[in-house]
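Please report on this structure. Cover the metal site, the pockets, the salt bridges, the sheet and the backbone.

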Amino acid sequence: MTHTHTPEVTGFFDTATNTVSYLVVDPATNSAAIIDPVLDYDQAAARTSTASIERILTHIRDHDLKLVRVLETHAHADHLTGADEIRHRTGVPIGIGQHITKVQKVFGNLFDAHDVTPDSVVFDETYSDGDHFMIGALEARVIHTPGHTPACVTYVIGDAAFVGDTLFMPDYGSARCDFPGGDARTLYQSIQRILSLPDSTRVFVGHDYLPQGRTEFAWETTVGAQKASNIHVGGGRSEDDFVAMREARDATLSAPKLILPALQVNIRAGALPPAEESGKRFIKLPLNQI
Ligand SMILES: [Fe+2]
């Protein structure tokens, strides 16, 4: 017998950006949500395409599922989100953490994105810490897990936690905290909230980068495994230790390849910037700003 608190989870790995998008299905009702879809982007040609989205939508059609939501764990800096394209095709709402407005403000200013204002409705649902919603008969709970960005959330759906970029696989560690509004101490505290879930909770991470010593991409682990062996926070690593390690490491990292295209599209939920008079849309690359 299938228990309704156990969603079926399928990961779709994007090799171009090392992103994992998820399809979460309530087996009792066939209702489904997509988490962190990717809009493919060829930077040299400034061309978007939708093969990654098609893969998920084809799976939904083939399995006769009913899509009810697209969920974003945060505004990503490494890939463009496919959320708006999926909303456009299916009519489902897009949800994200309520603190997305902070990210929209910082990056709206960076790109002179005058269409993104405090009053503009870009996302359909913005969640506070502790908010609940349903995916069919499955209950989803939102935990605000800032640190990588100020708006990051974790979705706990049945026995599965979708942690975005707060934690990666135990042998890879955690995400950088040096973006605007990011903070290593805050991330440590957010991670503790994830680690306080039951040990058996399945943890689905937002990226995998094949660390040395592993030959297969992986994206599913458990809270127990993270607590025991995550190389950044496992084994009871102290907050001060973690902060020192994280900040030293972040100081060595360069900007993600797609940060400028990604953020100006992702603060718009994946919609492309408004067309100029000619009808063409442009990605802006503000000089010497990041
Ligand atoms: Fe991220």
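The report below takes these topics in turn.

## Basis

This is a predicted model.

## Iron site

The iron ion has three kinds of contact atom from the protein: NE2 of His74, NE2 of His148 and OD of Asp165. These donors lie 2.0 to 2.4 Å from the iron ion. Along the sequence, the donor residues follow the spacing H-x73-H-x16-D.

His148 and Asp165 link distant parts of the chain. His148 is in the loop between strand E11 (138–144) and strand E12 (153–157). Asp165 is in the loop between strand E13 (160–164) and helix H4 (184–195). The two are 17 residues apart. Both His148 and Asp165 are buried.

## Largest pocket

The largest pocket holds about 640 Å³ of space. Its lining is made by 33 residues. Closest to the centre are Thr17, Asp78, Tyr209, Pro256 and Lys257.

Two elements give two or more residues to this lining: strand E4 (38–42) and helix H6 (239–250). E4 provides the largest share, with four residues. By class, the lining of the largest pocket has 15 nonpolar, 10 polar and eight charged residues.

## Second largest pocket

The second largest pocket has a volume of about 340 Å³. It is lined by 17 residues. Thr101, Gln104, Val116, Thr117 and Pro118 are the closest to its centre.

Helix H3 (residues 100–110) gives the most to this lining, six residues. The class split for the second largest pocket is seven nonpolar, nine polar and one charged.

## Salt bridges in helix H2

The structure holds 16 salt bridges. Side chains of opposite charge can pair when their charged atoms come close. Helix H2 (residues 83–90) contains both Asp84 and Arg87. Their side chains meet in a salt bridge, at 2.8 Å from N to O. Asp84 and Arg87 are three residues apart, about one turn of the helix. Arg87 has a relative accessible area of 19%, so it is buried; the cut-off for buried is under 20%.

Glu85 and Arg89 form another salt bridge, with their closest N and O atoms 2.8 Å apart. Glu85 and Arg89 are separated by about one helical turn, because they lie four residues apart in helix H2. Glu85 has 25% relative accessibility and counts as partly exposed. Arg89, at 38%, also counts as partly exposed. A network of salt bridges links Glu54, Glu85 and Arg89.

## A salt bridge between loops

Which residue meets Arg214 in a salt bridge? The partner is Asp171, and the N to O distance is 2.6 Å. This pair links distant parts of the chain, 43 residues apart. Arg214 is in the loop between strand E14 (202–205) and strand E15 (220–222). Asp171 is in the loop between E13 and H4, as is the iron donor Asp165.

How accessible are the two partners? Arg214 counts as buried, at 18% relative accessibility. Asp171 counts as partly exposed, at 32%.

## A three-stranded sheet

Three strands form an open sheet in the order E5-E4-E7. The pairing is antiparallel. Strand E5 (47–49) and strand E7 (80–81) stand at the edges. Each has a single partner strand, so one side of each is left without a neighbour in the sheet.

E4 and E5 are joined by three bridges. Asp42 stands opposite Arg47 in E5. E4 also appears above in the lining of the largest pocket, to which it gives four residues.

## Positive phi outside glycine

Ala46 is not a glycine, yet its phi is positive, near 50 degrees. Ala46 lies in the loop between E4 and E5. At 52% relative accessibility, Ala46 counts as exposed; the cut-off for exposed is over 50%.

Asn288 also has a positive phi, of about 55 degrees, without being a glycine. Asn288 is in the segment after helix H7 (259–266). Its relative accessible area is 79%, so Asn288 is exposed.

Technical notes: Residues numbered from 1 in each chain as written. Predicted model: local features only at pLDDT ≥ 70, side-chain atom pairs only at ≥ 80, totals over all residues. Heavy atoms only, no water. Donors = N, O, S within 2.8 Å, 3.2 Å for Na, K, Ca; no water. Buried < 20%, exposed > 50% of the residue type's maximum accessible area, 1.4 Å probe, protein only. 1 Å grid on protein atoms, 1.4 Å probe; cavity = no way out; pocket = protein on both sides within 12 Å on 5 of 7 lines; lining within 4 Å. Points joined across faces, edges and corners; volume = space filled by probe spheres on them. Nonpolar A, V, L, I, M, F, W, Y, C, P; charged D, E, K, R; others polar. Salt bridge = Lys/Arg side-chain N within 4 Å of Asp/Glu carboxyl O. Pairing = 2+ DSSP bridges.
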